[in-house]
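Reader: I have a model to study and would like to ask about it piece by piece. Please keep the answers short.

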Amino acid sequence: MANEMSGLSRFLRFGGSSSTSSSDAEGLAVFKFQELAASTRNFAPESLLGEGGYVRTYRGCLKSTGQVVAIRQVSETSISSIYRYNDQTMLSTIRIRSLLHHPNVAEMIGYSINDKNQIFFVYDFMPLGSLKDHLHGKKLLDWNTRMKIAAGAAKGLKCLHDKSDPPVIHGNIKPSNILLCEGYHPKLSDFLVFEERIPETDESSHQRCFGRHCYRHAPEFYMDFKLTQQSDIYSFGFVLLELISGRLEEITPTLLEWEKRKLVGGNEFTAVADPLLSRARFIPSFFSCS
């Protein structure tokens, strides 16, 4: 990994000054770290949008263009864990990521690396935040909007699996990684372009990337720690359950156990529907049918 990172450093620093950005062979902007630092007020706490298992996301405004962007700082330790047992390299990941263009996949504008070999990815800023913000916080989503988001996210996932060459595994599908732009148009984000991951013997690296208790992964993932298209689809199923129920997966009992308890004894599937939909008269007519 050290050789890969040093190669990235040379690649990013070639042919540019310390204060301006350039473009790589794939047409992505190669930002100087100083520009990203200035856009986030030196990565000030008030610029922090969120933090996950291997990434911190900041809101920035590029002084050269005035464009508002989301800047994701990726943990070098987690990067090493992700690619430790894989022949996929970070350079090939950036190349594949640059070729992914779909209305339901977050667009990567460019990237950067600093003298400490910290990697930064730059994306379009999504003003409405994430699906998690709206399901569990900011504003009630009506049924039609929830289904619009589900359909769009499914199209984005299909693009990763079927239209990318090679096929891409997302590996971390959850509401906080489904971003929303104007009109509640969803875009998949926060993935590092996994190709199918081979088994690894160090469980601790999985825990650093995804957490010790991650119920979103398919049961077979915990047998060999292998990410596949099928494990993506299993995780997407949890997103659908959260859209229908309005319930967080991370609380106890787990979403799957909670759903089983609700449906025991032959109860109608409406028993798992978000009660806020009914109270707000946003619930579809077929939910009230006997």
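Reader: Leaving aside neighbours within four places in sequence, which residues is leucine 160 in contact with?

Author: The model is predicted, so to speak of local features needs pLDDT of at least 70 and side-chain atom pairs count only at pLDDT 80 or more, while totals for chains, interfaces and linings use all residues. Residues are numbered from 1 along each chain as its sequence is written, and side-chain values use heavy atoms, with hydrogens and water left out. Contact means heavy atoms within 4.5 Å. By that rule, leucine 160 touches Leu100, Val105, Pro167, Val168, His170, Leu188 and Phe191.

Reader: Which element gives the largest share of the largest nonpolar core?

Author: A nonpolar core is a set of buried Ala, Val, Leu, Ile, Met, Phe, Trp, Tyr and Cys residues joined through side-chain atoms within 4.5 Å; buried means under 20% relative accessible area, exposed over 50%, and partly exposed in between (1.4 Å probe, protein chains only). The largest such core has 22 residues, and Leu131, Ile149, Leu160, Ile178 and Val239 have the most contacts inside it. Two or more residues each come from α5 (131-135), α6, β8 and α9 (229-245), where helices (H or I, at least four residues) and strands (E, at least two) are DSSP runs numbered from the N terminus. The largest share, six residues, comes from α6.

Reader: How many residues does the second, separate core have?

Author: In soluble globular proteins, nonpolar side chains tend to be buried together. Here a second core stands separate, and Val30, Val74, Ala106 and Met108 are among its members. Its size is 12 residues.

Reader: How far apart in the chain are the phenylalanine 33 and phenylalanine 120 that form a pair?

Author: Rings of Phe, Tyr and Trp (its six-membered ring) pair if their centres lie within 6.5 Å; planes under 30 degrees apart count as stacked, over 60 as edge-to-face and the rest as tilted. The structure holds five aromatic pairs. In this one, phenylalanine 33 and phenylalanine 120 are 5.4 Å centre to centre with 45 degrees between the planes, hence tilted. Phenylalanine 33 belongs to helix α2 (residues 33-39) and phenylalanine 120 to strand β7 (residues 119-124), so the pair links parts of the chain that are 87 residues apart.

Reader: Is phenylalanine 120 buried or exposed?

Author: Its strand gives a hint: five of the six residues of β7 are buried. Phenylalanine 120 has a relative accessible area of 1%, whereas phenylalanine 33, at 24%, counts as partly exposed. Phenylalanine 120 is therefore buried.

Reader: Which residue stands opposite phenylalanine 120?

Author: Two strands pair if DSSP finds at least two bridges between them. β7 pairs in the antiparallel sense with strand β5 (residues 68-74) over six bridges, and five bridges join antiparallel strand β6 (residues 108-113) to β7. In β5, alanine 70 stands opposite tyrosine 123. In β6, the residue opposite phenylalanine 120 is serine 112.

Reader: Which residue in the turn between β6 and β7 has a positive phi?

Author: β6 and β7 form a hairpin, with five residues between them. The positive phi, about 60 degrees, belongs to asparagine 117.

Reader: Where is the proline that aspartate 165 joins through a cis peptide bond?

Author: The bond joins aspartate 165 and proline 166, with omega about 5 degrees. Proline 166 is found in the loop between α6 (143-163) and β8 (178-181).
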